[in-house]
Structures are given as structure tokens and as C-alpha cells.
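Good morning, everyone, and thank you for making room for me today. Please have the sequence and the model open while I talk, and stop me if a residue is hard to find.

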Amino acid sequence: IIGDGGSIVANSYQIFYDVIFSGNFSNDFDLAWFGAIVSDSVDSSSAINTAIHSGAKRLIGNGDLYTLYEPIVLDVPDMVITFKGDLKVAVDGISGFLVKNQHIELSFRNLYFVNPINTSTDVASDFSSNLNSSGIKLMVSAYHCKFNFESIGKFNRGINLCPTPSSASGR
């Protein structure tokens, strides 16, 4: 779909399947239009990643809570993605966001890992398999990015700069 400065108006439910956008649109694109569901248990990772790769440059999640079972990969340049509510990572060992490109603006209220951090004195058991997870993992190719949030909690690292491509798996 090619934009000429106009806008798309629709209610918050899925209306796009396998669509690519180009050109300019005057509105934000609701993540629900791509299938993201406001829920504390239903996985919205795939729908959010699909929206990111659709060519829409301004995405918005209007819900209170989105659940992630896979990392959200921000590898498209010049993008603004805003979540008005919280994001919950529901799988041990994954990061919430992998930022792999430039000029990305990401906003959310809170990002947290669903399982509490192990507070035992046994360092080997701390974080279980969540040792390499981060709320936001910045890859070496990420620059000129802006993050707005209230909190990142219950991850081994809140924001993590990954210096090498070998650490880019997202887990």
C-alpha cells in the first residue's frame, strides 16, 4: 500500500495480513491492525515483529499489557514504536528488545520479566536461564536511538550493549 500523506482509520482489530507499506502516512499504525493482542498470556511477539517489517514507520500499542514470547527485533531504521502500557517477557532467557539499526525511538511504560529473580546467595542459580537476557539489548549497529520508559525490571541486565555480532542471538 503506497501512502501519499493520507491516513488509515480503523478500529483496534487485525485488518492487515502480509502487507507492505511505502510512502508517507499521516497516522500512527495500531499494533492491533497486525494482530497484536492486549493480554497477560497471549503472545504478541510475532504480530509486533510483522508490524515492524511492514514498512509502517510509526507504530503504537494502545493496550495496557502485551506479552512477549520472542524478542522484538528493531532492525528497520527510522522507526518510532510506542507502547502506552507495559510489556511482559514470558520466556526464560530471552531479551525484550534487540535494537539492530539506527534512528529508532522506543517508548513504553514498564518492561519486565515474568519470573522473579532468584535472590539466593548461590550465584550459579541466580536468574536461572535468564543470565544473558536484557530488557533492551543494543547491537553494535544501533546508534542515534532514543528510549523513553518508567522501568525495566527482573532481567539480568536492563540495557545491555553487545559489543560483538556473536552475542546477537537475542537469547
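Let me begin with a place to look for: in which strand is Ser134 found? The answer is strand S12, which covers residues 134-138, and I should say at once that what we are looking at is a predicted model. Ser134 is buried, because its relative accessible area is 0% and the cut-off for buried is under 20%. Its side chain is joined to the side chain of Asn160 by a polar contact of 3.4 Å. If we leave out residues up to four places away in sequence, Ser134 touches Ser95, Gly96, Phe155, Arg157, Gly158 and Asn160.

Now to another residue, Gly85, which sits in the loop between strand S7 (79-83) and strand S8 (86-89). Is Gly85 buried or exposed? Gly85 counts as buried, because its relative accessibility is 0%. Its C-alpha atom is separated by 5.5 Å from that of Leu65, although the two residues are 20 residues apart along the chain. Again without residues up to four places away in sequence, the residues that Gly85 touches include Gly63, Asp64 and Phe108.

Next comes the nonpolar core, and here I mean the largest one, which has 37 residues. The residues with the most contacts inside this core are Leu59, Leu74, Phe83 and Phe97, and its largest share, four residues, comes from helix H1, residues 45-52. Leu59 touches, among others beyond four places in sequence, Phe29, Leu31, Phe34, Ala51 and Ile52. Helix H1 is also the place of Asn49, which is buried, with a relative accessible area of 15%. Leaving aside neighbours within four places in sequence, Asn49 is in contact with Pro71, Ile72 and Val73.

Finally, let us turn to the aromatic rings, where the count comes to 14 aromatic pairs. One of them is formed by Phe16 and Phe21, edge-to-face, with 5.0 Å centre to centre and 80 degrees between the planes. Phe16 and Trp33 form an edge-to-face pair as well, at 5.9 Å centre to centre and 80 degrees between the planes. This pair links distant parts of the chain, since Phe16 lies in the loop between strand S1 and strand S2, while Trp33 lies in the loop between strand S3 and H1, 17 residues apart. Phe16 counts as buried at 9% relative accessibility, and Trp33 counts as buried at 4%. Ring pairs link Phe16, Phe21, Phe25, Phe29, Trp33 and Phe34 into a cluster.

How values were computed:
Residues are numbered from 1 along each chain as its sequence is written. This is a predicted model: local features need pLDDT of at least 70, side-chain atom pairs count only at pLDDT 80 or more; totals for chains, interfaces and linings use all residues. Side-chain values use heavy atoms; hydrogens and water are left out. A nonpolar core is a set of buried Ala, Val, Leu, Ile, Met, Phe, Trp, Tyr and Cys residues joined through side-chain atoms within 4.5 Å. Buried means under 20% relative accessible area, exposed over 50%, partly exposed in between (1.4 Å probe, protein chains only). Helices (H or I, at least four residues) and strands (E, at least two) are DSSP runs, numbered from the N terminus. Contact means heavy atoms within 4.5 Å. A polar contact is a pair of N or O atoms within 3.5 Å; within protein, one must be able to donate a hydrogen and the other to accept it, and residues adjacent in sequence count only if both atoms are side-chain atoms. Rings of Phe, Tyr and Trp (its six-membered ring) pair if their centres lie within 6.5 Å; planes under 30 degrees apart count as stacked, over 60 as edge-to-face and the rest as tilted.
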